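Could you walk me through this model in the viewer, one selection after another? I would like to know what to pick next and what is there.

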Amino acid sequence: MPFLTVADVLRLPVIAAGLPRVAAGEGQLGRTVRWVHVTELLDPASFLEGGELVLTTGMPHPSDPTQLRGYVDQLADVGVAGLVVELGRRYQQAPPDLVTACRERDLPLIVLARGVRFIEVTQTVHALILDAQGELLRRAQHVHELFTTLTLRGAEPEEFVQTASDLSGCPVVLENLIHHAVSWAVAGRADGPVLDAWPRRSRAAETPDRATVSGPEGWLVAPVEERSSRWGRLVMLPLTGGPPFGPEHTMILEQAATALTLARLTGAPEWDRRAHSSVLLDLLHWRYRSRTEARLRAEALGLPTTGHRLLPVVVDHAGARVGDTTVSAHLAEGLLTSGVKALVGDLSGRRTGLLMALARASAWQPVVERIALDLRATLGEDAVVAVGPGVTELSQVTRSFREAEEVADAIGPASRGRPFYVASDVGLPELLYSLRDDVRVQKYVEHRLGRLVQHDARHGSDLLSTLREYLDAAGNKSIAAKRVGLSRQAFYQRLHTIERLLGTDLEAGAERTQLHVAVTALEVLHGKPTDSSD
């Protein structure tokens, strides 16, 4: 056993022979017994350090209820594991005043109906405690080696958290200073009970200087540092109906928190952004088992999901950085400063995703425009900000994110110039740009315009531009001739040559439409500017 509890000691034959009965503190039998102390002193507290199981015959106990209560208060204040009183010498039954005092302090009181040899009790229990301490030391060495290995190979925070959870069998959560759950492992249990209303519950538990039980739910909490300042904390949650935390739980959490602190000192990646990226990618591809799971994960990172408009945004920045930081970190800092709640993380090496929670009655355009203008000022005009439709349900985010990605795919160099783009900004040039890698589009262009392009290359002519001006003028020859600076007769002659080369009738509306698509696609494939007003 990793440690002894009061309940464990009561099951030992050397104690069981005394027919033990719990007279008070029944709910505290899980307390750890650090040592056994035999004393008949009225003021034993000065000789105790906490965690002892005190054995006494009760011989010197005062008869005065007030003094007896003071005796119990001393034991409770110093934090003893429990009080064992042997009947037969001073008492024939547990004194009511002693029972009442122990109950008031929730201190385990055990009475022995038969006499036992205290020396045998101390020898037996101390031998077991020393064995358990030796086992704990060996276990601590093993745990230390595990976390050292993870640290040396640059493991991600999820691995540290998962290892701590696996070793302890308890849920473990890594959170930052603003109580957002960055990573968690639930030891085979459902996420729901662990992450439900996480920020609110977390704020109820203070952060100690070392691993200590804290808060109304009895969490075991250890700080995680970063360069002499606090970065966040590691939390271990107790199992419902399970045993209380013991020395091994504390040791595991401390080792994990120390390893995480070292990971941050050695240049660990931005854990907040990793957590946000994970949730965003899972939303984008809908990898969740239920809507509840998706909601809990998003809310654990501080994103309100009910009563808000959820607005997905995709930023295509071609892998650029903002000084020494990433685009996602730059965006997250700006949104935090402006008070906008959002998930911000990388979707790929060249794209960053945002999921903003905005008031339903507020206008989203000014918020997105500020973001876009800041990016264009920082990264240049090549940054593309694409916005999906606002939704009110988290389950609708996947479709909206996909639409934002499709818009981002469609905005090529020739189409850029606006702060941000939505689906209605995707015209024919943008549609063809998004399909530029499709072999069928390339074949279509070659089939429709190949001979004309070859003729221009062979003869140094510019019939393709003539065709483009004609199509842009919607078939009005006079307007097109004026645009290219040719006489009508010369312009007509060029059109006849084009018709002959392409084997088509330019007077036919359907033919002009097909050629217009082909010319636009050709210009998109060659990266030439197009007139998106057509």
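Here is a short tour of selected strands, helices and single residues.

**Before you start**

Keep in mind that this is a predicted model.

**Stop 1: strands 3, 4, 5 and 1**

Select strand 4, residues 82-86. Five of its five residues are buried, so strand 4 is largely enclosed by the rest of the structure. In a regular strand the side chains alternate between the two faces of the sheet. Colour the two faces of strand 4 separately: G82, V84 and E86 lie on one side, L83 and V85 on the other, and all are buried.

Now add the neighbours. Strand 3, residues 52-56, runs parallel to strand 4 and is joined to it by four bridges. To see one of these pairings, pick L55, whose bridge partner in strand 4 is V84. Strand 5 is also parallel to strand 4, again with four bridges; here E86 has L112 as its bridge partner.

Stay with strand 5, residues 109-112. Both of its faces are covered, with L109 and V111 buried on one side and I110 and L112 buried on the other. Then bring in strand 1, residues 20-24, which runs antiparallel to strand 5 and is linked to it by four bridges. V22 is the residue to click, since its bridge partner in strand 5 is I110.

**Stop 2: a residue just before strand 1**

Step back along the chain to L19, in the loop between helix 2 (13-16) and strand 1. Most residues other than glycine have a negative phi, and most peptide bonds are trans. The phi of L19, however, is positive, near 50°. Is L19 buried, exposed or partly exposed? Its relative accessibility is 45%, so L19 counts as partly exposed.

**Stop 3: the five-stranded open sheet**

Next, show strands 6 to 10. In what order do the five strands of this open sheet stand? The order is 7-6-10-9-8, with antiparallel pairing. Strand 7 (181-185) and strand 8 (212-214) are at the edges; each has a single partner strand, so one side of each is left without a neighbour in the sheet. Looking across the sheet, the twist averages 30° from one strand to the next.

Zoom in on strand 6 (residues 172-176) and strand 10 (residues 229-236), an antiparallel pair with five bridges. Within this pair, E175 stands opposite R233 of strand 10. Helix 9, residues 247-265, packs on the sheet and touches strand 6, strand 9 (219-226) and strand 10. The direction of helix 9 makes about 20° with that of strand 9.

While strand 6 and strand 7 are on screen, pick H179 in the loop between them. H179 is another residue other than glycine with a positive phi, near 65°. With a relative accessible area of 15%, H179 is buried.

**Stop 4: helix 6 against helix 9**

Keep helix 9 visible and add helix 6, residues 157-168. Two packed helices are described by the angle between their axes and the distance between the axes. For helix 6 and helix 9 the angle is about 170° and the axes are 10 Å apart. That makes the two helices roughly antiparallel.

Show side chains at the contact: P157, F160, A164, L167 and S168 of helix 6 meet H249, I252, A256, A259, L260 and A263 of helix 9. By class, this contact has nine nonpolar, two polar and no charged residues.

Centre the view on A164 in helix 6. A164 has 0% relative accessibility and so counts as buried. Leaving aside residues up to four places away in sequence, A164 touches F147, V172, I252 and A256. You can also draw a distance from A164 to V143, 21 residues apart along the chain: their C-alpha atoms are separated by 9.0 Å.

**Stop 5: helix 20**

Finish with helix 20, residues 509-525. At 1.5 Å a residue, its 17 residues should span 24 Å, and the end C-alpha atoms are 24 Å apart, which agrees. Among the buried residues of helix 20 are L515, H516, A518, V519 and L522. To see what covers the buried residues, show helix 15 (428-434), helix 16 (439-459), helix 17 (463-472) and helix 19 (488-502), which are included in that cover.

Note on methods
Residues numbered from 1 in each chain as written. Predicted model: local features only at pLDDT ≥ 70, side-chain atom pairs only at ≥ 80, totals over all residues. Heavy atoms only, no water. Pairing = 2+ DSSP bridges. Axes fitted to C-alpha atoms, helices over the stretch in contact; angles between N-to-C directions. Contact = heavy atoms within 4.5 Å. Expected span 1.5 Å × (residues − 1). Buried < 20%, exposed > 50% of the residue type's maximum accessible area, 1.4 Å probe, protein only. Parallel < 35°, antiparallel > 145°, perpendicular 65-115°, else oblique. Nonpolar A, V, L, I, M, F, W, Y, C, P; charged D, E, K, R; others polar.
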